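Subject: Structure for you to look at

Dear colleague,

I am handing over the structure we spoke about, together with some notes on what was found in it. Please have it open beside you while you read.

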Amino acid sequence: MDTKNNCRTRLLNTIFPELLVYTDGVNTGILLQGKSALIINPGSRNLTDILVGLEIKKVEKILFTHHRRELADGLDGLLRFYTPRIGASKAEEKLFTEPNKYWNKPKNRWHVLDNHIPYHVTHIKKIRLDETYIEGSAFKWHNWEISVILTPGYTDGSISYVVRNADRLVVFSGDL
């Protein structure tokens with residue numbers, strides 16, 4: 001028996017048959033449609049192995065609720081295996097796409113947690129964004145309707161995803 005994979009699988013929780021949450025340091029939402037998936041906050045380095053174990057052939061979209069670096073811990077692995085579109089808050093776009101501009105400001109490097117968000121957990125490496133969202137943005141992913149609400153708090157530009165499929169409703173709020 002492979003205890004490592006058994007341990008990883010125990011961290012996979014079924015909310016609905018087509019909605020899973022992987023709880024490995026960061027709660028990662030996994031919406032399923034056949035052999036395709038949409039991922040919310042890919043925060044585990046084990047995530048690709050989990051998806052391969054679920055026989056997911058295509059990750060179509062990855063969504064971030066906010067810019068915190070640990071939410072992207074599983075992103076590199078996913079991008080080696082899949083070619084998803086990536087989306088995040090419009091208000092935090094540059095923290096994903098141009099983190100060097102944040103880090104090149106001396107006050108950002110040395111002003112630790114002085115009630116300034118973002119702070120020292122902003123991305124170091126650039127992350128491409130294909131889509132950005134604002135309050136009221138909405139889109140469909142297969143049978144899922146996803147709408148965006150602005151939920152500043154943990155970071156100034158945090159957003160939450162209201163995910164609905166018929167009479168099922170879940171909100172992914174990041175670290176709200």
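Is β10 largely enclosed by the rest of the structure or largely open, and why? Before the answer, please keep in mind that this is a predicted model. Six of the seven residues of β10 are buried, so this strand is largely enclosed by the rest of the structure.

The surroundings of β10 are a good place to begin. It belongs to an open sheet of four strands, in the order β8-β9-β10-β11, with antiparallel pairing. The edges of this sheet are formed by β8 (138-141) and β11 (168-172), each of which has a single partner strand, so one side of each is left without a neighbour in the sheet. From one strand to the next, the twist averages 25°.

On one hand, β10 pairs with β9 (residues 144-150) in the antiparallel sense over six bridges, and within this pairing Ile149 has Ser160 of β10 as its bridge partner. On the other, β10 (residues 159-165) is joined to β11 by five bridges, again running antiparallel, with Val163 standing opposite Val170 and Arg164 having Leu169 as its bridge partner. The hairpin of β10 and β11 has two residues between the strands, and Ala166 takes a positive phi near 55° there.

There is also an open sheet of seven strands, which follows the order β1-β2-β3-β4-β5-β6-β7 and has mixed pairing. Here β1 (12-16) and β7 (131-133) stand at the edges with a single partner strand each, so that one side of each is left without a neighbour in the sheet. Neighbouring strands are turned by 25° against each other on average, direction ignored. At the β1 edge, four bridges join β1 to β2 (residues 19-24) in an antiparallel arrangement, and Phe16 stands opposite Leu19 in β2.

Turning to the interior, the largest nonpolar core has 25 residues, of which Ile30, Ile39, Leu51, Ile62 and Phe64 touch the most other members. At least two residues of this core come from each of β2, β3 (26-33), β4 (36-40), α2 (47-53), β5 (58-63), α3 (75-81) and β6 (85-89). Leaving aside residues up to four places away in sequence, Ile39 touches a set of residues that includes Ile30, Leu47, Leu51, Val59 and Ile62. Another core, of 18 residues, lies apart from the largest one, and among its members are Ile40, Trp141, Ile146 and Val163.

With best wishes

Terms used:
Residues are numbered from 1 along each chain as its sequence is written. This is a predicted model: local features need pLDDT of at least 70, side-chain atom pairs count only at pLDDT 80 or more; totals for chains, interfaces and linings use all residues. Side-chain values use heavy atoms; hydrogens and water are left out. Two strands pair if DSSP finds at least two bridges between them. Axes are lines fitted to C-alpha atoms, for helices over the stretch in contact, and angles run from 0 to 180 degrees between N-to-C directions. A nonpolar core is a set of buried Ala, Val, Leu, Ile, Met, Phe, Trp, Tyr and Cys residues joined through side-chain atoms within 4.5 Å. Buried means under 20% relative accessible area, exposed over 50%, partly exposed in between (1.4 Å probe, protein chains only). Contact means heavy atoms within 4.5 Å.
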